[in-house]
Amino acid sequence: MPSVTTSTFRDFRIELGDGATPTENFAFIAGLTSKGVNFTTGTETSEVPDDTDENLPSWQEKDVVSIGATISGSGMWATQNHAILFNWWRSATPRNVRIRYFAALTGQPEFYQGPAVLTQLDHQADKGGRVRGTITIEFTRAPTLTNKP
């Protein structure tokens, strides 16, 4: 029986754009030991009554009203990220972010890219330990999908 092909930690990256024009450069956020992206679908629920017996419970019908994506990461607080992330949070402005799947096969999504805001920036350190950080990034509109050639 053939087994599935899987990806590793290094095959999935969160990258920040530098804002340069005409060609923007992207670099990964150093120090992360946990990375994730959460794609969500917002729905509106309507209670639809039974058409033959109004005493029966209504059925919930769902309609999609929105979709979104949130990026998360945590790990060691890398000093090379300190000014970049803190200034981004302080500016309260969108910055181009890219989710990159290095193991994508031809024709599959390799990049999700678009403007996003840094909505959470946490630091924590325990006595005798190193500073750890947590970030949450939210796309401000639908990211562009680019398939691997």
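Mentor: Before we dig in, one term: a residue is buried under 20% relative accessible area, exposed over 50%, and partly exposed in between. Keep in mind, too, that this is a predicted model.

Trainee: Okay, let's try that out. Is Glu15 buried or exposed?
Mentor: Buried means under 20% relative accessible area. Glu15 has a relative accessible area of 1%. That value falls under the cut-off, so Glu15 is buried.

Trainee: And what about Arg13: buried, partly exposed or exposed?
Mentor: The side chains of Arg13 and Glu15 meet in a salt bridge, 3.5 Å from N to O. Arg13 has a relative accessible area of 27%. That lies between the 20% and 50% limits, so Arg13 is partly exposed.

Trainee: How many salt bridges turn up in a search of the whole structure?
Mentor: You've just met the one between Arg13 and Glu15. Glu15 also pairs with Arg98, and Glu15 forms a salt bridge with Arg100 as well. For the whole structure, the search comes to 3 salt bridges.

Trainee: How many residues apart are Glu15 and Arg98?
Mentor: Their side chains meet in a salt bridge, 2.7 Å from N to O, and both residues are buried. Glu15 sits in strand E1 and Arg98 in strand E5, so to speak distant parts of the chain that the pair links. Along the sequence, the separation is 83 residues.

Trainee: Which strand holds Arg100, the other partner of Glu15?
Mentor: In this salt bridge the closest N and O atoms are 3.8 Å apart. The pair again links distant parts of the chain, 85 residues apart. Glu15 is in strand E1, while Arg100 is in strand E5.

Trainee: Which residues are linked in the network of salt bridges?
Mentor: Glu15 takes part in the bridge to Arg13, in the bridge to Arg98 and in the bridge to Arg100. Put those pairs together and you get a network of Arg13, Glu15, Arg98 and Arg100.

Trainee: Now the nonpolar side. Which residues touch the most other members of the largest nonpolar core?
Mentor: This core has 18 residues. Elements giving two or more residues to this core include strand E1 (12-17), helix H1 (79-91) and strand E5 (95-101). The residues that touch the most other members are Ile14, Ile29, Leu85, Val97, Ile135 and Ile137.

Trainee: Which residues does Gly36 touch, leaving out those up to four places away in sequence?
Mentor: Gly36 is in strand E3 and is buried, at 16% relative accessible area. From the other side, Ile14 has Gly36 among its contacts, along with Val97 and Ile137. The contacts of Gly36 itself are Phe12, Ile14, Thr70, Ile71 and Ser72.

Trainee: About how much space lies in the largest cavity?
Mentor: The search finds 1 cavity of 30 Å³ or more. Its lining has 13 residues, with Ala30, Leu32, Met76, Trp77 and Leu85 nearest the centre, and divides into 8 nonpolar, 5 polar and no charged. E4, H1 and E7 each supply at least two of the lining residues. The space inside is about 60 Å³.

Trainee: And which element gives the most to the lining of the largest pocket?
Mentor: The largest pocket has a volume of about 190 Å³, and its lining includes Phe39, Ile67, Tyr112 and Arg141. By class, the lining has 7 nonpolar, 2 polar and 1 charged residues. Strand E3 (32-48) and E4 each supply at least two of them, but the one that gives the most, with 3 residues, is E4.

Trainee: Which residues are joined by a cis peptide bond?
Mentor: Most peptide bonds are trans. Here there's a cis one, with omega of about 10 degrees, and its Pro22 lies in the loop between E1 and strand E2 (26-28). The joined pair is Thr21 and Pro22.

Trainee: Last one: what is the phi of Ala92 near?
Mentor: Most residues other than glycine have a negative phi. Ala92 lies in the loop between H1 and E5 and is exposed, with a relative accessible area of 64%. Its phi is positive, near 55 degrees.

Note on methods: Residues are numbered from 1 along each chain as its sequence is written. This is a predicted model: local features need pLDDT of at least 70, side-chain atom pairs count only at pLDDT 80 or more; totals for chains, interfaces and linings use all residues. Side-chain values use heavy atoms; hydrogens and water are left out. A nonpolar core is a set of buried Ala, Val, Leu, Ile, Met, Phe, Trp, Tyr and Cys residues joined through side-chain atoms within 4.5 Å. Buried means under 20% relative accessible area, exposed over 50%, partly exposed in between (1.4 Å probe, protein chains only). Helices (H or I, at least four residues) and strands (E, at least two) are DSSP runs, numbered from the N terminus. Contact means heavy atoms within 4.5 Å. A salt bridge is a side-chain nitrogen of Lys or Arg within 4 Å of a carboxyl oxygen of Asp or Glu. On a 1 Å grid over the protein atoms alone, a cavity is a set of points where a 1.4 Å probe fits but cannot get out, and a pocket is an open set with protein on both sides within 12 Å along at least five of seven lines; lining residues have an atom within 4 Å of a point. Grid points are joined across faces, edges and corners, and a volume is the space filled by probe spheres set on the points. Ala, Val, Leu, Ile, Met, Phe, Trp, Tyr, Cys and Pro count as nonpolar, Asp, Glu, Lys and Arg as charged, and the others, Gly among them, as polar.
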